[in-house]
Structures are given as structure tokens and as C-alpha cells.
Amino acid sequence: MKNIKHILFLLVIALTGLSLTGCNSEDNLDTDQYGNDISVLSFGPCPVLRGGTLHFLGSNLDQISEIDLPGADPITQYEVVKAGRESEITIQVPAEKCDTGIVVLKTQKGGEIRTLTPITYREDIVVKDFYVGSDTSSKTGSVGDILTIEGDYLNLFHGIIFAENDTVTEDQFTEHTRYLIRVAIPKEAKTGNFKLTNLAETPTEYESKEVLTVNLPEATGIDNTKPKAGQTITVTGTSLDQIVSVKFQGATVTDVTPAADGKSLSVVVPATATDGEVTLNLYSGVEIPAGSITTVVPTDLSYAPAPVKNGATITVSGKDLDLITKFLFPNGDKGIEVDAVYKDGKISATVPAGAQPGNLTLKLANGKTVSLEYKLVEPTVTKFAPAVVTAGAKIAIIGTNLDLVENISFPGDAAQKATDLKVNDAGTTATVTVPAAAYGTGCTLNLKNGTTVEVKSGLTINAATSPAISGTASGTTGEYTTITGKNFNNIEALYIGTTKVTKYKDKENATMTFQVPSTLAAGSYEFSAVEADGTKVALGTFTVKSAETDLITDLGYKTMGGAAITYPFNFTWDDSGRFRIMKSDLKKLGVKVGSKLIFYKETSATGQVQINDCNWSSITTVSDWNGNTNQVVYTFDAAGMKAVNETSDGWSDTALILQGDLKSVTKIVVLP
């Protein structure tokens, strides 16, 4: 009975002890090899606070001589809360130098009792305060000043993040213990809250409750506020050794040279820098203004030769011309830009053929410009030979710089432009045929650069009595066309090639409207007139154009689904985007071998059109897969003409069936 009570008592103690451990639900008892009847039933709390009290429950624990915690010095001082068979002792856990692991209790007779579960610790991190320098109330400092952070378990942190910039790791700390961290404020730091981090993959971080104010460098001035590109300017101030780059308007320079004391900073003004604010960039990303500059531009400009000829070299003199990169010559609204060459203090370029007189603009790399007015050489006429001429005759023009002339216009009822101008290499002589419709005095020199020179005297042009036309003549087969000229009242008959014009709408001395014979094929023909006395007069060339018939707008074709076709039209492989062309229409238009079926489209559109006969047999497929033309063309061949004249489906007038996948078709025409 006594033994049963003893066992029950031990069980109660064991259950009580287990509530203390928190480390493991297993019994922590280990055998005393010397048989001293000393045992540990449980210990706790677990985890235990470093520097806190640790309890041991068991038997005869007052006979323990030493308690060893992993990593700590042996503990020989403990408090006996209760002695004997139901005993309890406590120790104070060291605040430092103790690790997780098995606890060893040594008996007075040399025995050892080892716990079955390890001791663990509760580490309550505390960040009390921070300050800069020696003043414990200071929350403000400069780069390089020592920041001190005080608290508990700070040894668990391995880095500091300053205002979201790069992390300073513990190997850069000047001091690091459980109770404090000291670190120099890095150059990347800026004003804001900082964070302590353990640098784990999923980090534990602590953000300061107060803001660390980091003093910024100060710029007090720039030694030269009107610099030239390539010159070195010096910025004065304080803490300028924290500057990583200098930003100009138009350029940022990373090659900066701060003085050792941080009171000045030197930087070369880049070629692309222009007027405006100069900004200093810190390693932290903060920007501070340094002042404004106005960059140098070239001055005292002049040019030679004056005037200068198109195609010749123009050379500009002045100050600071090495800043110039481009010349912009006037030419209407756009101008012509060319590279400029700097040499021996001057800058030059070739005057383009299209350059016009006016202001020559000199462009700098930074986008600024300066300009000077310049003049161009103009051709001169000293003599016409002969000075009096009948329209239609050839003349010679003597002068200078006539190689600048593109063509010549002569007076008349309308300006008559010559097309056969020839100029010698020296530009001193030109020959040209006076247009047959010209009359009056002088002429106009049309230059290659788009300008003109009026020659008001020296040439008298007597009107010709023979018919003459102004400009070119053309018309569409079967349609009326109007031409202008003079002496049309002297025309008895008009011929395009060998075909006589038979239908006139009106005919006056300076204009004629007539029908282009429908028997003419497209092409260029000799255009001539016969006067009343039978004299044949050559009028030039007449261009005959074939008439296009639009299958949609002119003939009203619909899709095979019955819908009206509108442009832009998309071919498809079903009835919504395919249609038939009728034999009667093609025969009426006079389609023959060589006639064309043209599909106009947006240039970028790609695809194909399949051309079938009335029985759906394929004749051909035309396509554009590159999107680089504005039309796809089928030229009628023998197979196409067979479909028009012979092949039958037994029930309809169908000649061709068109289908495919060509998109954005803007016009579908037949050109006979």
C-alpha cells in the first residue's frame, strides 16, 4: 500500500512538471548512473527568456552541484525551492552565451543527468532608441556620422536598410552586440525611416518609429555661368563629395571630380548641354539645385565667298565655331540640312543644289541655333542670239552661271515652258527652242533650286501664224478633251497619228475641244494640223489613254449573295464576297487579248483573287503577298477570251466568276 501511494505521488509530480517544460511532452528523466536517487522529471518554461528564471522539478535536486546550459559557463548557484523526494530548484538563465541544446545537471558525487529534450529560448527584440554622434537626443546627421541604435537582441539583425536604398550589412557595422549597433551613415542614405533586417529569405524587419534626417550637401554657386561646351566649371558648396553625377539640361555627366574636402566639384560641360538649371545628383537619388547656366553660341559671323554658288563650298568665320555640327540651308518650308566641317577656326559645307537664298542656320549639338543672312549667285544674261525671233525658232542665250537654270519660260497667252534647254559646262551658253505659242518680250529663268530670275529685255518674240499648242496634249479614247494654244482658226484638219479628228464640241483661236477617236488604242501619237493651204504643222505629241469602266459604280454589279457592292470591298470565298462578270458587258466594252481587269487596292493590303469561268474552272489567280503595290492586274489571254466568247454554263450570261481573300479593294475596272 505504501509503494502504491509512492507511485501515485511521483505521477502527480511528473504531470505537474510536464506543464512547466513546454519543450516536449516526453518525460525529461535521465538515469543517475551512481544510483543517488536523483532525477529530473521536468524543466521550464521552455522556451525560456534569456536572463529569466528556469525551474527544475524532480527528486533530491538539492544534491545537484552544477548545471550546464549549452554555450554558457557552469552554473553552481541555484535556489532550492523545495528539497527532498519532491524537490524544485531554480536558476537564472544567463542573458548571453547560452545556446539551444541538452541541459546537463551534475550531482555532488560526480554523476550526470541529461535532459531528453533541448532547452530553447524566447528572444524578445527591443529597439529602444537611436541617435547620431555623441548627442543621444540627435536624430540628424551627415554621411559618415555614426548612427547608434540601442535595444535588446539586436544581434539578431544583420543589416540596415536606409530609406529603401541599398542594405548596409553587418560586416560594415563599427560595433554590433546584443544591445547596440553602430554604423556610419552611408552615402546612399537619405532622410526617412530606416529598417533593421535579419536578411532571411523571408526577412524579419523592424522599422524605426522616428525619422533619421540626413543632411544634404549644399551648392552655393557656379564659377562660370556662361560656359562653352568642353569647358570645366566648378560648383562650390559643402559635402559635395557625396555627388555621383551632374545633370545639365540635355545631358548627364557621371565623370565628376569633387575636392577632398567636399567644398567644390569640377565637371566638364558636355556638347549637348544647353541653357537652364544644373542639378547635382546624390548617391541616394536625391537631387539638389546648383544654379543655372547659359551656354556659349558662335558670334561675329561672316561668310565667303559672297555671294556663293549652289554646289560650291561656303565657309563661315567667327568665334566659337567648333560648336557647330550642322548647316541648315533654306528651301521653302523645310530646309536642307548638311554636315559641317570645322577646320582652322572656320566651318564649311557644300551648298546644296536645292538651297535658296535667305538665312543660313548654324546648329549646335545642344539644339541651339544661330543664323546669318547669305546670298546666292544668280545667272545673268548678256545677249540673246538672235534678239528678235519668231515663235518656234531656236535661240542662243549668252551669259554667266547658266548651269544653274533648270528650264526657261517664255511669254504668251499663258507661260510657255521650253523643254529642250542645253547648257555648256562653263555655264556661259544655252540653246533652247522658243515654244510655238509664245510671243512678247524677255523670258524667265527657272533655277534648279526652285527660284526664278526675270529677264525683262533683250529678246523679242514675234507670234507665229501657224497653229501651236501650249504644253502637252492628251485624252481618253472616245471622250472629249480640250487643248489650248494659238492660231487654231488656221487649222483645216487635225490628226492624231494618221487618224483624223472628226467631232468637235467647240473651236476658237486659243482653245479646241474635240473627241478622241474611239478607234485609237492607248499610246503616244504624232499630233499634227493641216492649214487651209495644205501645209502640215507638227503640234507635238498626243497621248491617248484607254477608258476604264468600273464594274461597281458604272455597271452596278452585286455579290452572288445579292448585296450591293461598295468600296472598300473585301473578296471572300463565299457568296458574300464574290460576284459574276457578264459576257454582254465585256463584249460591249470591246475586251480583247491584252485588255486588263484591274483591282485597285490599298498598297499595304495583301491577298489573292481567283478568276474562274462560268463553270468554276480556274483560269488564273492574281495576287499581292508583299503589300507593295496599289493594284493587282489580270491581262486577258486566250483562256480569258474563251470564257467571254465560248464557254457556257447552259443557263446564264456569266463570263467570269471572281472570288478570293483580297481585302481593301478600292476600285475594280476593265481597261479594254
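Me: How many helices and strands does the secondary structure of the chain come to?
Reply: This is a predicted model, in which local features need pLDDT of at least 70 and side-chain atom pairs count only at pLDDT 80 or more, while totals for chains, interfaces and linings use all residues. Residues are numbered from 1 along each chain as its sequence is written, and side-chain values use heavy atoms, with hydrogens and water left out. Taking helices (H or I, at least four residues) and strands (E, at least two) as DSSP runs numbered from the N terminus, the secondary structure of the chain comes to 3 helices and 61 strands.

Me: What radius of gyration does the chain have, against that of a compact globule of 672 residues?
Reply: Along the principal axes, the C-alpha atoms fill a box of roughly 165 × 90 × 35 Å. The radius of gyration is taken over C-alpha atoms, and the globule rule is 2.2 Å times the number of residues to the power 0.38. For a compact globule of 672 residues a value near 26 Å would be found, but the chain has 52 Å.

Me: What share of the contacts in the chain between residues at least 6 apart in sequence joins residues at least 24 apart?
Reply: Contact means heavy atoms within 4.5 Å. Among contacts between residues at least 6 apart in sequence, the share that joins residues at least 24 apart is 59%.

Me: Where does A418 lie, and is this residue buried or exposed?
Reply: A418 is placed in the loop between β40 (416-417) and β41 (422-423), and beyond residues up to four places away in sequence it touches N407, I408, F410, V432, T433 and P435. In space, A418 is 9.0 Å from G471, C-alpha to C-alpha, although 53 residues separate them in sequence. Buried means under 20% relative accessible area, exposed over 50% and partly exposed in between, with a 1.4 Å probe and protein chains only. The relative accessible area of A418 is 4%, so this loop residue counts as buried.

Me: Why is the pair of F327 and F329 given its class of geometry?
Reply: The structure holds 16 aromatic pairs, where rings of Phe, Tyr and Trp (its six-membered ring) pair if their centres lie within 6.5 Å, and planes under 30 degrees apart count as stacked, over 60 as edge-to-face and the rest as tilted. F327 and F329 are both buried. Because their ring centres are 6.1 Å apart and their planes stand at 70°, the pair is edge-to-face.

Me: Which residues form one aromatic cluster with F571 and F579?
Reply: F571 and F579 are themselves a stacked pair, at 5.9 Å centre to centre and with 25° between the planes, and both are buried. The other members of their aromatic cluster are Y557, F569 and F599.

Me: Which peptide bond is cis with omega near -5°?
Reply: Most residues other than glycine have a negative phi, and most peptide bonds are trans. One cis bond joins C46 and P47 with omega about 10°, and P47 is in the loop between β1 (39-44) and β2 (48-49). P307, in the loop between β28 (299-304) and β29 (313-319), takes part in the cis bond with omega near -5°, which runs from A306 to P307.

Me: What positive phi does W616 have?
Reply: N487, in the loop between β47 (480-486) and β48 (491-496), is not a glycine and yet has a positive phi of about 60°; at 12% relative accessibility, N487 counts as buried. W616 lies in the loop between β57 (607-613) and β58 (618-624), and at 38% relative accessibility W616 counts as partly exposed. Although W616 is not a glycine, its phi is positive, at about 70°.
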